[in-house]
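Colleague: Have you got a few minutes to go through this model with me? I'd like to hear about the contacts and the odd spots.

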Amino acid sequence: MLILAIESSCDDTAAAVLEDDKTVLSNVVSSQFDVHARFGGIVPELASRCHIESIWPVVLEALAEADVELDQIDVIAATQGPGLIGSLLVGFTFAKGLALVQDIPCVGIDHMAGHLLSSFLDHPGPGFPYVALVVSGGNSSIYKVADHATFHCLGRTRDDAAGEAFDKVAKLLDLGYPGGPIVSEIAENGDPQSISFPRAWLDKDSLDFSFSGLKTAVVNHVHKLQQQGALLPVEDICASFQEAVVDVLVEKTIRAAVRNEINTVVLGGGVASNKRLRNMMRQRCDAENFDLYIPRPVFCTDNAAMIGLAGYYSYQRGHFVSPDDDVYSRSPLH
Ligand code: KG4
């Protein structure tokens, strides 16, 4: 079975072609970094307009790269939510229209389900059940995953997502956008123990996250140094901030696995490409004798291959969308 997958929930227009749940024949991503960079963050209206311009060329490129004709496609999978409504509408409406014209089924996919299953794109995938940490620009959540379609949220962020915190710190330090990759690269030359930024552990048993206090602590630290006329130790600030984020993400994920007696841990989402997070999670999982699955960075950040994979399982369960089905901004999986 050939699946055409479309992802447009935020600022990337992406399309992929998959053969069943086994082979990714193509995985094309058109990024809008240049459009949003000068604003230091995503401008939703501009994102929607870029999706409209890119969607057809990106789909054509995905088909060409896979060496597949549109008529050979058996099902179309598209992200239905969560995300920016204008952005989602472009991809989801395009997918429904194309499916209607081609007279093939269309399945609507939750973006979080895509991230939760993305480790199956690299074979062999994890066994069930597993604990998954999904960390991106819009989400920071821990899930128990029982099978390809049963996701139970164990904890979520109460304010900022981890990626959002990286982006805001990068903006504060005038480092560019998107902040995560830049901050983590600069952090490699800094001392992670040099500044003691706070870790929000919340209530004793809580698996929730909170990153807004940390962000404020970084802002206050920078302002204090600026008022003193001191030179900003940017490398140390980045390294210490990153350490505070990663510490909490790793500790709470391990706690979730221990508490649920699950010995397989999976990462997903854009922040999962962070080297310090990958390394610290690897060390902790080794120490606990847990299996750890981390997708390749190209499958961590937003991509359509993960939507195609989730689409395969939705198709198997016969969950098809009708032409009047709508997009949604908040995930029911939270
Ligand atoms: O999953 P994603 O591509 O898009 C969504 O937000 O859904 O994640 C993007 C986020 C951005 O906030 C970006 O700064 C962050 O992931 N990110 C990173 C790294 N690479 C991307 N954060 C920390 N370290 C990285 N290496």
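**A walk through the model**

Modeller: Sure, let me begin with one side chain: Arg296 is partly exposed, at a relative accessible area of 44%. In these terms, buried means under 20% relative accessible area, exposed over 50%, and partly exposed in between (1.4 Å probe, protein chains only). Before we go on, this is a predicted model, so local features need pLDDT of at least 70 and side-chain atom pairs count only at pLDDT 80 or more, while totals for chains, interfaces and linings use all residues. Residues are numbered from 1 along each chain as its sequence is written, and side-chain values use heavy atoms, with hydrogens and water left out.

Colleague: Okay, which residue does Arg296 form a salt bridge with?

Modeller: Arg296 pairs with Asp122, and the closest N and O atoms are 2.9 Å apart. A salt bridge here is a side-chain nitrogen of Lys or Arg within 4 Å of a carboxyl oxygen of Asp or Glu.

Colleague: And where do Arg296 and Asp122 lie?

Modeller: Arg296 is in the loop between β10 (291-293) and α10 (297-300), and Asp122 is in the loop between α4 and β6, so the pair ties together parts that are 174 residues apart in sequence. The helices (H or I, at least four residues) and strands (E, at least two) are DSSP runs, numbered from the N terminus.

Colleague: How many salt bridges does the count come to?

Modeller: The count comes to 16 salt bridges. Lys168 takes part with Asp160, where the closest N and O atoms are 3.4 Å apart. Lys168 also forms a salt bridge with Glu164, at 3.3 Å between the closest N and O atoms.

Colleague: Where do Lys168 and Glu164 both lie?

Modeller: Both are in helix α5, four residues apart, about one turn of the helix. Elsewhere, salt bridges that share partners join Arg156, Arg158, Asp203 and Asp208 into one network.

Colleague: Back to Lys168 for a second. Is its partner Asp160 buried or exposed?

Modeller: Asp160 is buried, with a relative accessible area of 7%. Lys168 counts as partly exposed at 33% relative accessibility, and Glu164 is partly exposed too, at 25%.

Colleague: New topic, the ligand. How many residues surround the ligand?

Modeller: There are 20 residues around the ligand, and the closest are Gly137, Asp167, Gly180, Gly270 and Asp302. A residue is near a molecule if one of its heavy atoms lies within 4 Å of it.

Colleague: What are the residues of that shell, in terms of nonpolar, polar and charged?

Modeller: They divide into four nonpolar, 14 polar and two charged. For this split, Ala, Val, Leu, Ile, Met, Phe, Trp, Tyr, Cys and Pro count as nonpolar, Asp, Glu, Lys and Arg as charged, and the others, Gly among them, as polar.

Colleague: Which helices supply at least two residues of the shell?

Modeller: Those are α4 (111-117), α5 (162-172) and α6 (179-187). Helix α6 gives the most, with four residues.

Colleague: And why does the ligand lie between the two domains?

Modeller: Domain 1 (2-116 + 300-316) and domain 2 (123-294) both give residues to the shell around the ligand, so the ligand lies between them. The domain bounds come from an automatic or database domain assignment.

Colleague: What sits 2.7 Å from an oxygen atom of the ligand?

Modeller: An N or O atom in the side chain of Asp167 does. Backbone atoms take part as well: a polar one of Gly137 is 2.8 Å from a ligand oxygen, and a backbone N or O atom of Gly270 lies 3.0 Å from an oxygen atom of the ligand. The protein covers 89% of the 550 Å² of accessible area that the ligand has on its own. Accessible areas come from the Shrake-Rupley method with a 1.4 Å probe, and for residues only the protein chains shown count as cover.

Colleague: Now the odd spots. Which peptide bonds are cis?

Modeller: The bond from Phe128 to Pro129 is cis, with omega near -10°, and Pro129 lies in the loop between α4 and β6 (130-135). The bond from Tyr177 to Pro178 is cis as well, with omega near -5°. Pro178 lies in the loop between α5 and α6.

Colleague: What about the phi of Asp174?

Modeller: Phi of Asp174 is near 60°, a positive value in a residue other than glycine. Asp174 is in the loop between α5 and α6, and at 70% relative accessibility Asp174 counts as exposed.

Definitions and conventions. A polar contact is a pair of N or O atoms within 3.5 Å; within protein, one must be able to donate a hydrogen and the other to accept it, and residues adjacent in sequence count only if both atoms are side-chain atoms.
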